[in-house]
Amino acid sequence: MIEPFAAVEVIAAKRDKHELTDPQIDWVIDAYTRGVVADEQMSALAMAILLNGMNSREISRWTTAMINTGERMNWSALDRKTADKHSTGGVGDKITLPLAPLVAACGGAVPQLSGRGLGHTGGTLDKMESIPGWRASLSNEEMLQVLKDTGAVICAAGAGLAPADKKLYALRDVTATVEAIPLIASSIMSKKIAEGTSALVLDVKTGSGAFMSDPKKASELARTMVQLGVDAGLKMRALVTAMDVPLGLTAGNALEVRESVEVLAGGGPADVVELTILLAREMIDAAGIIGKDPADALKDGSAMDHWRRMVAAQGGDPDAALPVAREQHIVKATNSGIITTMDAMKVGVSAWRLGAGRSKQGEKVQAGAGIEMHAKPGDYIEAGAPLFTLHTDEAPRFERALEILEGAVSIVENGTVNRLPLILERIEG
Ligand code: URA
């Protein structure tokens, strides 16, 4: 086959701050997936994009080209409207777990194709896998059946969805090119558009524990993704939300499942409940679903019923005891006062060092590892009272987990809390 372009010409065009043409973009993505464009050439192009950017036409075309390298799911066999949520990831962000069955209880169908965690933020599949028997990998037919039977499915995205992104994301991870907004937006949206949902709500995190710590950049990312969704015919919403402080009172796989079940039982921490309900309302509204209000579905037990059916449909036992780590260590408050800050990144890295996360793809995670928070910013705490309980199966991990927690929390007598509001911005597309 005679290739219509040479990779060096495309790289040079972006290096010299030119716009890439539609045929150049289509070709470079397809040729990279076929192995004709080499990793070192794609690395150079990704760096040129990081430094010189892409305009909205280029980003939109890049996204479509990535979608076209794989399959597109189709949910037209369902008699319910589809709605999904994507979070850019944060510490203690377990929202998908109560949210998917909650939206199902309100009349929606939620096809949640999720990933595993890498680095300090946990992955939804790792959390769900702490439920004894639960299985993440489903065929497309099984996925459709679970959706028909229970209204929600949380499972691993198969290799067939946007394979160009799989290859490119792994390359960006090792070439310091993850942080480019055009590449992040096209990576996330290519998978979500290929997933076939008709409505999508984005939870774009900002603050120390998010990978877009600057709220302005988070807003730009949210707007870029909303536009890509609109261009593809999706009903879109985005919330830019706080990740300066961990979400809820737990970070770690089984610990977060336990907290999610508390929310489904009508309890749970106020911030998790508030964000779950807000995102559920956005999903229902975006999809045009006329049904129950999410706050009622949490109160009347219907969201819990959907959770139990969803877990059981994938081999999980919703009544089984969740794994508990072999070792615990309590961190106590050193002085009395108001907790004014709690650094999400430090708590996330600490949970990761305890074994809740992995440092390279394929590594096993500990189901019981992580951190319980006994108080949060705004709470008064007495000197000597428990602040955190650290959980791990391997006691030698405590030392490094404690090291990163040094300075993570400020306790000030008569102090005032300095933190981001839970919702910073709402964007509708
Ligand atoms: N998540 C993705 O799927 N892609 C990115 O580029 C960043 C986060």
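Visitor: What makes Arg172 a polar contact of the ligand?

Guide: A polar side-chain atom of Arg172 lies 2.9 Å from an oxygen atom of the ligand. A polar contact is a pair of N or O atoms within 3.5 Å, so this pair counts. The model is predicted, so local features need pLDDT of at least 70 and side-chain atom pairs pLDDT 80 or more, while totals for chains, interfaces and linings use all residues. Residues are numbered from 1 along each chain as its sequence is written, and side-chain values use heavy atoms, leaving out hydrogens and water.

Visitor: Why is the pair of Phe5 and Trp27 called tilted?

Guide: Ring centres must lie within 6.5 Å to pair; planes under 30 degrees apart are stacked, over 60 edge-to-face, and the rest tilted. Here the centres are 5.9 Å apart and the planes 50 degrees, so the pair is tilted.

Visitor: Why is Trp27 called buried, and what is Phe5 called?

Guide: Buried means under 20% relative accessible area, exposed over 50%, and partly exposed in between (1.4 Å probe, protein chains only). Trp27 has 7%, so Trp27 is buried. Phe5 has 23%, so Phe5 is partly exposed.

Visitor: How do you know that Lys191 sits over the ring of Tyr169?

Guide: NZ of Lys or CZ of Arg must be within 6 Å of the ring centre and within 35 degrees of the ring normal. The charged end of Lys191 is 5.7 Å from the centre of the Tyr169 ring, and this counts as sitting over the ring. Likewise, Lys167 lies over the face of Tyr32, at 4.3 Å from the ring centre.

Conventions:
Phe/Tyr/Trp six-rings, centres within 6.5 Å; stacked < 30°, edge-to-face > 60°. Polar contact = N/O pair within 3.5 Å; in protein donor to acceptor, adjacent residues only side chain to side chain.
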